[in-house]
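Here are a few short exercises to help you find your way around a new structure. Try each one yourself before reading the solution.

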Amino acid sequence: MIKKIKNIVRLLKSIDLEQIEKISQKVDLAAVMTAVSKMDDNQLKGAMKMLTGSTKKREAPPIDADFYAVEAKLSPEDRALQLKVREFLEREIKPLVNKYWLHDEFPFEIIPKLAELNVCGYVFKGYGCAGGSSLMDGIIAAEFGRIDPSIATFLGVQSGLAMGSIYMCGSEEQKQEWLPSMQRLEKIGAFGLTEPEVGSATAGGLTTTCRKTENGWVLNGQKKWIGNSTFSDMTIIWARDLDDGQVKGFIVRKENPGFMVEKIKGKMALRIVQNGLITLTDCVVPEHDRLPKANSFKDTAKVLQMTRAGVAWMAVGCARGAYENALEYTLNRKQFGKPIAAFQLIQNHLVEMLSNLTAMQTLTFRLSELQDEGKLKDEHASLAKVFCTLRTRDIVSRAREVMGGNGILLEYNVARFLADAEAIYSYEGTKEINSLIVGRSITGISAFV
Ligand SMILES: Cc1cc2nc3c(=O)[nH]c(=O)nc-3n(C[C@H](O)[C@H](O)[C@H](O)COP(=O)(O)OP(=O)(O)OC[C@H]3O[C@@H](n4cnc5c(N)ncnc54)[C@H](O)[C@@H]3O)c2cc1C
């Protein structure tokens, strides 16, 4: 009984006199007191909470999209490198990207800074490269994607497609000439496989031709979408040999006669990436610039296998960037007197985003482990590319949705991810083509036409 009285006194103390006066004009206080005196301890506690609003304001948890602590599996050195890359990107790249994206231009001033970061060609051994793991290469790609998928793509083309082609298919002399300077970003590379009329069907349908002559090789044809090519020092060009019908690879220097590039304008995604339409008109390439270990499309596919895994990681980053920005926004944006994060329907979007992101993170982590164990197959890379880029589209569109109108403004840092996800979804093999690769593997039946 004494405890009960004490609780009633505490309850009364929690209401100030002014409040009591106001309440007494509207409510029969005597009846309320009678009701309160009949309450048990729990009911009294509930009434206290209601009256004092004393649900303690909880601190919002830190925004961290590594929900399953995947990053805890990194060694301390790798984790330190990841955080170094993250800090660099937030300091040097993040403030620039919206402006350059808007103007469809590349921020050349970042190239020396990127070189200092020293992550280009990260997985390759020798030639100034770090000889690091595929896992860390993926983590780095995701960090870049988290801040800006365009800059991630620039690095992916330089470090993966262009350097990778030379590393995997080049002669020792070619590696010595190109890899160290490309690693330091003193020389920039591009990779030309897709053509205006042949995108998905490059494996069997390349129309760009090469023919051996007394002076080396002569290349003819066009290449579309070639990232970095408007300013690159060289482009790896894949062409079909008119004599044996096989696909061969060439280092085509920007000064080679017969080589011409036009910038592709009007993109609605990855606007910082400078994509070119290349025209090769009797372009002469000396024999010493032919990649000696690129003798059929299978060799091209080896390069693509490695880089597709990188694109899956980049999608993880793109999705993470959008999710983190959207989560922060929902915690700060108030409607109906509450942060919108307090609404169940908004939380549902956030959880859907996080579920997909977590699935992508764990999948890519294992993908890279397979790669580091030397067990990566085309179908592994293709499955990851399909799944991650598809889920990313869903994540970025939910991120944009929970931000209402501000979701389409660049300055709120989600619109760019929303647009860029579209390009990541299509390049390095569309969903259909990568699905056909996986389908062939699990059924043993090729459904390619
Ligand atoms: C921003 C950007 C950057 C790029 N960078 C480069 C680069 O640096 N170097 C480079 O070489 N290329 C690059 N690409 C090209 C990219 O790889 C191609 O866009 C991609 O391979 C698809 O080719 P496509 O656009 O010609 O589409 P298409 O091949 O014409 O396909 C159109 C649609 O048809 C579907 N389709 C095609 N065949 C089949 C089939 N058999 N079954 C079912 N569906 C099918 C496709 O999935 C797609 O949905 C880039 C593209 C973009 C958008």
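The bend at a residue is the angle between two fitted axes, one for the seven residues ending there and one for the seven starting there. Keep in mind that this is a predicted model.

**Exercise 1. Find where helix 8 is kinked, and say how covered the helix is.**

Step 1: Locate helix 8, which covers residues 149–169.
Step 2: Look for the kink; it is centred on methionine 163 and amounts to about 35°.
Step 3: Turn to burial. Of the 21 residues in helix 8, 18 are buried, so the helix is mostly covered.

**Exercise 2. Decide whether leucine 179 is buried or exposed, and list what it touches.**

Step 1: Place the residue: leucine 179 sits in helix 9, residues 172–183.
Step 2: Apply the cut-off. Buried means under 20% relative accessible area, and leucine 179 has 0% relative accessibility, so it counts as buried.
Step 3: Set aside neighbours within four places in sequence. Leucine 179 is then in contact with Tyr127, Met163, Ile166, Tyr167 and Gln174. Among these is Met163, the residue at the centre of the kink in helix 8.
Step 4: For a sense of scale, the C-alpha atoms of leucine 179 and leucine 350 are separated by 43 Å, and the two residues lie 171 places apart along the chain.

**Exercise 3. Work out how helix 8 and helix 11 are oriented to each other.**

Step 1: Take the geometry: the two axes come within 10 Å and cross at roughly 160°.
Step 2: Angles over 145 degrees count as roughly antiparallel, and helix 8 and helix 11 are therefore roughly antiparallel.
Step 3: Add the handedness: the crossing of helix 8 and helix 11 is right-handed.
Step 4: See who takes part. Helix 8 contributes residues including Gly160, Leu161 and Gly164, while helix 11 contributes residues including Val303, Met306 and Met314.
Step 5: Sort the contact of helix 8 with helix 11 by class: ten nonpolar, five polar and two charged residues.

**Exercise 4. Do the same for helix 5 with helix 7, then for helix 11 with helix 13.**

Step 1: Helix 5 (residues 76–103) packs on helix 7 (residues 134–147) at about 25°, with axes 9 Å apart.
Step 2: Angles under 35 degrees count as roughly parallel, so helix 5 and helix 7 are roughly parallel. Their crossing is right-handed, and the contact has ten nonpolar, one polar and six charged residues.
Step 3: Helix 11 (residues 297–332) and helix 13 (residues 378–401) pack at about 20°, with axes 8 Å apart. They are therefore roughly parallel.
Step 4: Here the crossing is left-handed, and the contact of helix 11 with helix 13 divides into 17 nonpolar, four polar and three charged residues.

Definitions and conventions:
Residues are numbered from 1 along each chain as its sequence is written. This is a predicted model: local features need pLDDT of at least 70, side-chain atom pairs count only at pLDDT 80 or more; totals for chains, interfaces and linings use all residues. Side-chain values use heavy atoms; hydrogens and water are left out. Helices (H or I, at least four residues) and strands (E, at least two) are DSSP runs, numbered from the N terminus. Buried means under 20% relative accessible area, exposed over 50%, partly exposed in between (1.4 Å probe, protein chains only). Contact means heavy atoms within 4.5 Å. Axes are lines fitted to C-alpha atoms, for helices over the stretch in contact, and angles run from 0 to 180 degrees between N-to-C directions. Angles under 35 degrees count as roughly parallel, over 145 as roughly antiparallel, 65 to 115 as roughly perpendicular and the rest as oblique. A crossing is left-handed if the near helix is turned anticlockwise from the far one by less than a right angle, and right-handed if clockwise. Ala, Val, Leu, Ile, Met, Phe, Trp, Tyr, Cys and Pro count as nonpolar, Asp, Glu, Lys and Arg as charged, and the others, Gly among them, as polar.
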